[in-house]
Every structure is written in C-alpha cells, then in structure tokens.
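Student: Could you take a close look at one part of this model with me? Please start from a single loop residue and work outward, giving me the cut-offs as you go.

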Amino acid sequence: MKLNDYQRLAENTDQQPKGTSFEENPRSILVPLLGLAGEAGELLGEHKKWLRDGDSYKLFPDRVKEELGDLLWYLSNVASKHNLTLEDVATHNLRKTQRRWHTEGDSGRPYHLLDDGFPETERFPRQMEVSIESNKSGTSVMVINGWKCGDPLRDNRYEDDGYRFHDIFHLSYASNLGWSPTLRALMRRKRKSDARIDEVEDGGRAIVIEEGISAMVFSYAEGRSFLEGAEGVNYELLRTIKEMTSHLEVNCRTEGDWERAIMEGFNLWRQIKAKGKGLLHADLEKRTIKLVG
C-alpha cells in the first residue's frame, strides 16, 4: 500500500468534525497530537513488559505492530490537518537524513572546489603547509606555505580559552568545504576577476558570517568539553549554520560536511592548544587536514 492511499483511507475514520481548519477547531489538531504522545507511551510500555518478562511475553511482536499502527494513524491525521501528504513528509525526511549523515561526495556526484575555473592567484592552494605558534605574550601567529597570514591573534577574553588559535577552524572549513572567505582574504586570494563573486562570496558580509559561525560553534563546544569524546554536534546547530549560509556558494555543502569540518577542526584545535603550537598539512582535493608535527 502506498502512503498516500493509507492516508486517504485513514481520513475516512477521523471522528473529528470535517470541513473546518484546526485554527477554527483546535480540538481537531489536539486530539491527534495527544494521540501521538499517548501511543508513544503505549509503545514504551510494551517494551517495558518485554524487558520484564523476556521471551515469555509471546504477544510482544503483535503489540508492537498494533502500537506502531496507531502511531501511523495519528501521524497521518496530523499531516492531513496541515494539508500535507505522507509521501511528501517521507521524501522530505529522507532528504534531510541523507544530508545530515552523508557528505556531498557520498551523493555520487563528483566533489568540486568552489574556486575551480578561477586564475591560480585567486584559488586556494590545493596543498598547504601551515605553522601555528603562540608566544609568551599570549598571541598566535599563522604561517601558510612560508607566508605570514594576518595579524597576531589574542583570545580577546579575560581568561585564557585558546580562541587565539581559532584560525584552525577556518583552515578546516577550507579543507573540508572548500570555503572560507576569512582565509581567502588573509591569503589575498579573493576572486577579483569576477566583481559579483568578489562582492558577495568573498566580501565583508561573508567574512562576518564565517566569523560568526566560528564564534557560535566555539560557544557551543565550550559547554561540551570542546567536543572531546563527542560523536557529533547537535542538528539544530547545523541547521542554523545552513540558514546563515543559505545565500552563499557553500550552501551546496551538506550538514554532514559541516559536521565533519567542525569535528576535525576541534580535534586539531585541542591538540594545538595543549602544545601551544603545531604544524598542519591540508590537502583540499582530498579534503584532509592533519597534524604533522
């Protein structure tokens, strides 16, 4: 049976008044919403019985089937009240989960760097040897392929939290996403041959957005041991990042791509913060960035 066929047949058994919107009749939406919560509790109750009685609970498979069916009915009813079809809901969910758990390269399409086709002087170097060091004055300096990039950085905070090493996050974004307007500006690799790209993708607003993402993720990670031992990051954080970058070229990267960039960036950041310095090798074509010394 197709999902939409089930949904149509399920609507015939809806006991709420027909022909009114849930704004006009709040009960029409509250009943299935409460039903979803109630049936989820019933399903948990069946699993509790199985945990208690084990294989002697012979009715467990049938009860699970029944409770899942009830959940499906209420789910279908909520979708109908919102003028959604179950097939549209299912399709949207699959797209979301695929983008959440897979990177762009997993889709079968070849991964491409966002500055392909531009003059070499406007492209990120595909291989980067990066040195990051701090001194006794509490500043951090980054050198890429022998060239000093940017000014010395401080934490800009009363206590030492290691944010002076946050250029590592920009390096991870460049390595994993092929995107970092901040790093592009520091390396003087802005795509000036295309005035519109230079303004929108490599301009001040894009740089502010990236710096905002770095600061936001840092605050999130600070309350979670800087992601040490974490398996991933919260989906709401990834969704916020996607919304912030929806008008930029990096929008082609998935939530999975962003998660990989964040996790690898903090893995390197923790090691370099502990030592106060580090040597990195980034390969943008292979999408890798590693600590080499």
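Tutor: S225 is exposed, with a relative accessible area of 52%; exposed means over 50%, buried under 20% and partly exposed in between, using a 1.4 Å probe and the protein chains only. Please keep in mind that this is a predicted model, in which local features need pLDDT of at least 70 and side-chain atom pairs count only at pLDDT 80 or more, while totals for chains, interfaces and linings use all residues. Residues are numbered from 1 along each chain as its sequence is written, and side-chain values use heavy atoms, leaving out hydrogens and water.

S225 sits in the loop between α8 and α9. Helices (H or I, at least four residues) and strands (E, at least two) are DSSP runs, numbered from the N terminus. The backbone of S225 has a positive phi of about 55°, although S225 is not a glycine. Most residues other than glycine have a negative phi. R188, in the loop between α6 and α7, also has a positive phi of about 55° without being a glycine. R188 is exposed as well, at 67% relative accessible area.

Now step back from S225 into helix α8, residues 204-222. Its 19 residues reach 27 Å from first C-alpha to last, close to the expected 27 Å; the expected span is 1.5 Å times one less than the number of residues. Among the buried residues of α8 are I209, I213, V217 and F218, and the list also includes E210 and S214. The buried residues of α8 pack against α5 (167-177), α6 (181-186), α7 (195-200), α9 (235-244) and α10 (255-275), where contact means heavy atoms within 4.5 Å.

On the other side of the S225 loop comes α9. There, R239 and E236 form a salt bridge, with their closest N and O atoms 2.8 Å apart. The term means a side-chain nitrogen of Lys or Arg within 4 Å of a carboxyl oxygen of Asp or Glu. The two residues are three places apart in helix α9, so about one helical turn separates them. An α-helix has 3.6 residues a turn, so residues three or four places apart point the same way. R239 is partly exposed at 35%, and so is E236 at 44%. Elsewhere, salt bridges that share partners join D115, D116, R126, R184, R191, D202 and E249 into one network.

One link in that network deserves a look of its own. D115 and R126 form a salt bridge, their closest N and O atoms lying 3.0 Å apart. Both residues lie in the loop between α4 (86-101) and β1, so the pair ties together parts that are 11 residues apart in sequence. D115 is buried, at 1% relative accessibility, and R126 is buried too, at 16%.

From that loop the chain enters strand β1, residues 127-134. Strands β1 and β4 (277-283) run antiparallel and are joined by seven bridges; two strands pair if DSSP finds at least two bridges between them. V130 stands opposite L280 in β4. β4 also pairs with β5 (288-291), in the antiparallel sense, over four bridges, and A282 faces I289 in β5. Four residues separate β4 and β5 in this hairpin, and R287 in the turn has a positive phi of about 60°.
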